[in-house]
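Load the model in your viewer and keep the selection panel open. The stops below go in order.

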Amino acid sequence: MSTYQVPRGTFDILPDESYKWQFVIKVFREIAREFNYKEIVTPIFEKSEIFERSVGESSDIVEKEMYKFEDKKGRVFALRPEGTAPVVRSFIENGLSLKTNSSKLYYLGPMFRYDRPQKGRYRQFYQYGIENIGSTNPFVDAEVIALAYRFLTKLGLKNFALQINSIGCKNCTTDYDDALKEYFNPSLVELCSDCRNRLLKNPKRLLDCKVKSCKAIAQEAPSMLDYLDEDCTANFDKVKEYLTAMEIPFIVNPKIVRGLDYYSQTAFEFIDTNLGAQNTLVGGGRYDTLAEQLGGKNMPGIGFAGGFERLILSMEEEKLSFGLQQVPKVYLVALGTEARIAGLKLIMEMRRMGISTEYDPDKTSMNAQMKMANRTGAEFALILGEDELKNNNIILKDLTKGEQKIIKIPDIIKSIKDK
Ligand code: AMP
């Protein structure tokens, strides 16, 4: 074993895997563009208060999972555990708005949560997400969900289901929280210690506890949907109507509450029906009070985030394509000092022309260089020896077909470009 290993719950994206990441990131950017979302990049650390005030003191993220630290001047920061609060912070700070054409935003990047690592759950993980800030119109809810749906389907995923819910507004939740307290109180001793705490602070959270016994008790809990006020019900109906109009299949699941405090009304998850315990591919919802919680003016918003790790796991499970592994187009095999120097010049010219080119920096035999050429997966080998050089020639060998021909050196780039 090597002296040092990656920190627990983190991983290296190795060269043979990175093309998968590049592929899903590329497709996500394309879809964001289709829907006219622009990228926003925020720092990886923020004042920890930003998460405490928005995600909520009683959420798992803030209570147990934040990587919090003091800098040299005693300021308290946190590695960002999620992307929404930083985006909304930036939105307020920079006066972004619909008017400045910057209310539809997407982000990509690492998030950090101190949690028990397992398949699909890491301490550093990579999220893609979008935020649409400024409108309460249920059209926007449906559009945000449609973007996630389009992304997953564009990748070719089939084994997933969209589940939606409305968790109402402040107006509806007071009565609902009371109903939940009344329902869960008689079973208090059978609940996990987290749920016992949650019952006081945020009873809705009991509905998405993953502990088996809690899940069983929550089975018959009152449904949020019975407690929605008129506005929230009408809104939810519209979201469903628009999704249906866009032919996006969904299931209403009143148990979806999302773990963070800032959500209200529409909440949704895309669940992978094949993955094990960590099966939420994408989670999102509306957060109409978040901007105010962060000191801005009343500014509604809705968004989602998904993890690339689970996405890639799902794609592997469904045996989907990630495009091609990166391979050089050309491998230069040069023999003899002069040919190697001439080859070096040629390599640089080819690279300038956008042809990816590889070579062997050490002086090895023709055989060894040809073996390397094949191992890299290059399409062509260019063979340059002293004799060829003298005659201004070079051998172009098609490594897939095994055919080769002699070409004049000044014509070689054009011949390769034409292939
Ligand atoms: P959340 O921010 O908790 O709503 O999570 C949104 C999505 O991010 C989830 O559906 C996962 O795909 C992904 N995710 C959240 N936490 C983790 C984690 N610890 N490891 C890997 N992916 C995660």
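Which residue is the bridge partner of G285 in strand 11? Select G285 and then G303, which is its partner there. The model is predicted, with local features requiring pLDDT of at least 70 and side-chain atom pairs counted only at pLDDT 80 or more, while totals for chains, interfaces and linings use all residues. Residues are numbered from 1 along each chain as its sequence is written, and side-chain values use heavy atoms, leaving out hydrogens and water.

Next, select residues 280–286 and 301–307, strands 10 and 11. They run antiparallel and are joined by five bridges. Strands (E, at least two residues) and helices (H or I, at least four) are DSSP runs numbered from the N terminus.

Widen the selection to the open sheet: eight strands in the order 1-5-6-11-10-9-7-8, with mixed pairing. Two strands pair if DSSP finds at least two bridges between them. Strand 1 (38–39) and strand 8 are the edges, each pairing on one side only.

Now add helix 1 (residues 18–34), which lies across strands 1, 5, 6 and 11 and runs at about 155° to strand 5 (104–112). Angles run from 0 to 180 degrees between N-to-C directions, with axes fitted to C-alpha atoms, for helices over the stretch in contact (heavy atoms within 4.5 Å). Helix 11 lies across strands 5, 6, 9, 10 and 11, at about 105° to strand 6.

Finish in two loops. Most residues other than glycine have a negative phi. E247, between helix 9 (230–245) and strand 8 (251–252), has a positive phi of about 60°. K319, between helix 11 (308–317) and strand 12 (330–334), has a phi near 55°. E247 is exposed at 66% relative accessibility (exposed is over 50% relative accessible area, 1.4 Å probe, protein chains only), and K319 is exposed at 74%.

Notes. Buried means under 20% relative accessible area, exposed over 50%, partly exposed in between (1.4 Å probe, protein chains only).
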